[in-house]
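Student: I should like to learn how to read backbone and core features in a model of this kind. Could we work through some cases together?

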Amino acid sequence: MPELDQLVVGTVALAGGELVGRIRLQKVVYLLDKLGMNSGAPFEYHHYGPYSEAISDAVTDAKFWGHLSEAVSFRRVDGAPYSSFKTTPDSPAPTQLGDLSAEDAKEYLDKFAGQTSTVLELAATVHWLAFVEKVPNWRDEIEVRKAGKTNNGRLDKALELLRDLSLAPE
C-alpha cells in the first residue's frame, strides 16, 4: 500500500492536477475510501464532517517532498481563505490509487468535480451519520449538525451523489 502522502498526491493528480479546498480534499479521500481506496487514514467527526488529521499530515509531507504545492487565496465575498493544491511536474498520475484502479478513481473524481464542496461535505456527513455513527434518524441529525447547509437542494444533490455511488443509506 502506498504511503498516505502518495495517495493524496495521486488523488490530486487524477483530479486533473489541481484540487481546490481543504474540505473538498478531506471529503474526496473519505468518499474514495468508502468506494474501496482503503487509504488507512483514520477519520473522526469534525465540524465539517468526517476529518482525518492523517490526511492533513500527508499534505504537509507531500509539500515537504516537493510533490504537491499549496496556494492560499481569499474569497471575494467574505475574505475567507481557501487552499488550492497542485501536483508538481515530477508527480505523474498513478496507475493505481490504493486499492482502486486509476480509471475507477478518475471516474469518481470526475463525479466529485461536478459538486460543490458543501454538497461533498453533506454527502460525506450523511454517510458518516448513517454508517459510522449509525444514527437511526440521520435526516433529522444532519439538519441539526448542518443547519443552513442542507437547503437550496444541496441535501438532495448529496443524496443523489451517494445513490449514484451506491453509498446512500435507505
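Tutor: We begin with Asn38 in this predicted model; Asn38 is placed in the loop between H2 and strand S2 (44–46).

Student: What is the value of phi of Asn38 near?

Tutor: Phi of Asn38 is near 60 degrees, which is a positive value in a residue other than glycine.

Student: Why does Asn38 count as partly exposed?

Tutor: The partly exposed class lies between the buried limit, under 20% relative accessible area, and the exposed limit, over 50%. Asn38 has 40% relative accessibility and therefore counts as partly exposed.

Student: Where does Asn152 lie, and is Asn152 buried or exposed?

Tutor: Asn152 lies in the loop between H6 and H7. The cut-off for exposed is over 50%; Asn152 has a relative accessible area of 66%, so Asn152 is exposed. Phi of Asn152 is near 60 degrees, again a positive value in a residue other than glycine.

Student: Let us turn to the interior. How many residues has the largest nonpolar core?

Tutor: A nonpolar core joins buried residues through side-chain atoms within 4.5 Å. Here the largest such core has 49 residues, and Leu25, Leu32, Leu68 and Phe112 have the most contacts inside it.

Student: Which helices each supply at least two residues of this core?

Tutor: They are H1 (4–14), H2 (22–34), H3 (53–64), H4 (102–113), H5 (117–132), H6 (138–145) and H7 (154–164). H5 gives the most, with 9 residues.

Student: Which residues does Phe112 touch?

Tutor: Leaving aside residues up to four places away in sequence, Phe112 touches Arg24, Val28, Leu31, Leu32, Leu35, Leu120, Leu161 and Leu165.

Key
Residues are numbered from 1 along each chain as its sequence is written. This is a predicted model: local features need pLDDT of at least 70, side-chain atom pairs count only at pLDDT 80 or more; totals for chains, interfaces and linings use all residues. Side-chain values use heavy atoms; hydrogens and water are left out. Buried means under 20% relative accessible area, exposed over 50%, partly exposed in between (1.4 Å probe, protein chains only). Helices (H or I, at least four residues) and strands (E, at least two) are DSSP runs, numbered from the N terminus. Contact means heavy atoms within 4.5 Å.
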